[in-house]
Amino acid sequence: MLSFVGYGLIVNTPGLYYKALSSDLGVSRTQIALTSTIMNLTGAATMLFSGKLMKRVDSRLLLSVCIGVCAIIFFCQSFFTSLWQFYVSFALIGVAYVIPITLAPSVLLSNWFEQQLGLVMGVALGLSGLGGMVFNPVVSSWIANLGWRPAYRMTALLLAVCILPFSIFVLRFMPNPAKGETMYEASPASAEADAGSNAPKGELQDPSSIPGIEAKKAYRTPTFMLLIACYVLLQWATGMVQHVSGYEQSRGLTLQEGAFAVSGIMLGAAIGKATIGILLDRLKTELVLALYSVVGLAGWALMMFLVTPTPAAISGFLAGLGQGVLLVALPWLARQSFGQRDYAEILSILTMSGVLSVALANTINGTIFDLAGSYIPALAINVICYVLALAAAIAAYRLRPLRE
């Protein structure tokens with residue numbers, strides 16, 4: 001639910017509002033796109049301490065408060081009349097959404113699954129793309145038929161109703177050995193560590209009993225720096241997703257047809273993330289990274305030339321498949337490289353670098369359109385990003401500190 005509803009609504013649909021807000025508020029596309037940039041910047045700042053916060057605060061309380069704040073803000077946005085109000089509100093959303101939506105799914109899965117981690121990451125995180133595929137046409141229909149204000153209210157309602165029951169009653173940070181809980185198919189060494197650890201706060205273990213590399217040591221490794229480069233490059237490419245609907249409209253398609261192309265990206269992302277996780281558990285890592293990176297860059301390249309609705313959606317589908325590298329393979333690589341011990345802290349810093357990148361990309365892509373009258377240069381940059389990210393990811397894996 002965090003991935004399907006949360007990611008699908010909070011991360012994947014803001015671009016659908018750009019044209020309506022730009023027209024209603026009388027501002028440029030760049031000024032509206034700045035809302036997503038502000039959200040990502042405050043989210044990146046929050047990532048600096050998110051990993052440590054998740055280890056110290058009960059997951060049920062932390063995730064529920066964050067989701068509740070997001071729902072309240074979306075509801076309030078339906079009454080806004082000035083651009084500055086959206087800037088302030090998206091800054092607050094950036095603080096609230098990154099822990100439950102960006103960080104928590106990978107961290108919780110890493111804490112509960114030792115075996116089949118690629119599989120469960122792929123399936124669970126793949127639902128974020130499926131959520132985008134479902135909610136993009138739904139939200140665009142709300143905007144076109146009801147207006148953007150009711151669309152924000154419906155978004156708030158869905159977030160609260162669909163996620164809060166799970167965040168309040170179901171989610172736990174990690175197994176509690178005092179209750180006889182262990183990771184799924186835990187190895188004997190991990191099970192022994194679990195059994196020997198005390199959890200004074202109920203769901204939290206003594207960090208020294210958890211296998212892996214300390215965060216401060218991980219930050220000094222070449223693998224960490226290479227993973228930073230991967231996150232920056234691939235999140236930059238992701239920054240174009242919010243503009244795809246507007247890009248297609250600039251070429252003569254309707255809002256619904258533009259949303260159809262975005263849905264192609266989301267469907268591709270769902271399938272890409274699900275399948276890449278399965279393959280990472282079974283095939284050579286370098287081969288899997290190369291396959292999905294090439295498919296992703298091909299999708300962005302074809303988007304420059306395919307204009308009609310169905311081919312545009314197909315190119316979007318290929319671009320979406322490539323997102324499996326960013327949203328599944330890179331968290332998986334971090335877990336394989338540094339272990340479980342400080343995974344939440346390490347992943348939060350890696351994610352922060354990517355969030356900063358997508359924040360800049362979102363606004364710069366809007367500026368490219370305002371200056372050049374086209375998104376073609378931005379699409380070309382995405383192709384280059386995938387080539388560089390593939391080289392960095394393969395190098396990071398081969399230099400990983402933890403080896404079998």
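This briefing walks through the fold, the core, two helices, the cysteines and a few single residues of the structure above. The model is a predicted one, so please read each value as computed from its atoms. The chain is built from 16 helices and has zero strands. With a radius of gyration of 20 Å, close to the 22 Å that the globule rule gives for 404 residues, the chain is as compact as a globular protein of that length.

**Overall fold**

- Along the principal axes, the C-alpha atoms of the chain fill a box of roughly 65 × 45 × 30 Å.
- Of the 404 residues in the chain, 59% are buried.
- If you look at contacts with a separation of 6 or more, 84% of them are between residues 24 or more positions apart.
- The surface that the chain exposes comes to about 15100 Å², and carbon and sulfur atoms supply 69% of that area.

**The nonpolar core**

- The largest nonpolar core holds 127 residues.
- Within this core, Met54, Ile93, Tyr97, Leu159 and Trp300 are the residues with the most contacts.
- Helix 5, which covers residues 83-112, gives the most to this core, with 16 residues.
- Met54 is a good place to start exploring: leaving aside residues up to four places away in sequence, Met54 touches Leu62, Ile99, Leu103, Ala104, Val107, Leu108 and Phe173.

**Helix 10**

- Helix 10 runs over residues 222-238, which is 17 residues.
- From its first C-alpha to its last, helix 10 reaches 24 Å, close to the 24 Å expected at 1.5 Å a residue.
- Helix 10 is mostly covered, with twelve of its 17 residues buried.
- Among the buried residues of helix 10 are Phe224, Leu227, Ile228, Cys230, Tyr231 and Trp236, and polar side chains can be found on that list too, including Thr223 and Gln235.
- The cover over these buried residues includes helix 9 (215-218), helix 11 (241-250) and helix 13 (285-302).
- Also included in that cover are helix 14 (309-338), helix 15 (343-372) and helix 16 (376-398).

**Helix 15 and Asn362**

- Helix 15 has 30 residues and reaches 42 Å from its first C-alpha to its last, close to the 44 Å expected at 1.5 Å a residue.
- Helix 15 is also mostly covered, since 23 of its 30 residues are buried.
- Just after helix 15 comes Gly373, which takes a positive phi of about 75°.
- Asn362 has its place in helix 15, and it counts as buried because its relative accessibility is 1%.
- Not counting residues up to four places away in sequence, Asn362 touches Tyr18, Ala33, Ser36, Thr37, Gly239, Gln242 and His243.
- Asn362 and Leu379 are 17 residues apart along the chain, and their C-alpha atoms are separated by 12 Å.

**Cysteines**

- The structure holds zero disulfides.
- For Cys76, the closest cysteine sulfur is that of Cys70, and at 12 Å it is too far for a bond.
- Cys162 is in no disulfide either; the nearest cysteine sulfur, again that of Cys70, is 14 Å away.
- Cys76 counts as partly exposed because its relative accessibility is 35%.
- Cys162 counts as partly exposed as well, with a relative accessibility of 22%.

**Two more residues to look up**

- Phe169 has its place in helix 7, which covers residues 148-169.
- With a relative accessible area of 63%, Phe169 is exposed.
- The C-alpha atoms of Phe169 and Ala269 are separated by 29 Å, and the two residues are 100 residues apart along the chain.
- Glu214 lies in the loop between helix 8 (188-196) and helix 9.
- Glu214 is partly exposed, with a relative accessible area of 25%.
- Glu214 and Asp342 are 128 residues apart along the chain, while their C-alpha atoms are separated by 5.8 Å.
- Arg341 and Asp342 are the residues that Glu214 touches, not counting residues up to four places away in sequence.

How values were computed. Residues are numbered from 1 along each chain as its sequence is written. This is a predicted model: local features need pLDDT of at least 70, side-chain atom pairs count only at pLDDT 80 or more; totals for chains, interfaces and linings use all residues. Side-chain values use heavy atoms; hydrogens and water are left out. A nonpolar core is a set of buried Ala, Val, Leu, Ile, Met, Phe, Trp, Tyr and Cys residues joined through side-chain atoms within 4.5 Å. Buried means under 20% relative accessible area, exposed over 50%, partly exposed in between (1.4 Å probe, protein chains only). Helices (H or I, at least four residues) and strands (E, at least two) are DSSP runs, numbered from the N terminus. Contact means heavy atoms within 4.5 Å. A disulfide is a pair of cysteine sulfur atoms within 2.5 Å. The expected span of a helix is 1.5 Å times one less than its number of residues. The radius of gyration is taken over C-alpha atoms; the globule rule is 2.2 Å times the number of residues to the power 0.38. Accessible areas come from the Shrake-Rupley method with a 1.4 Å probe; for residues, only the protein chains shown count as cover.
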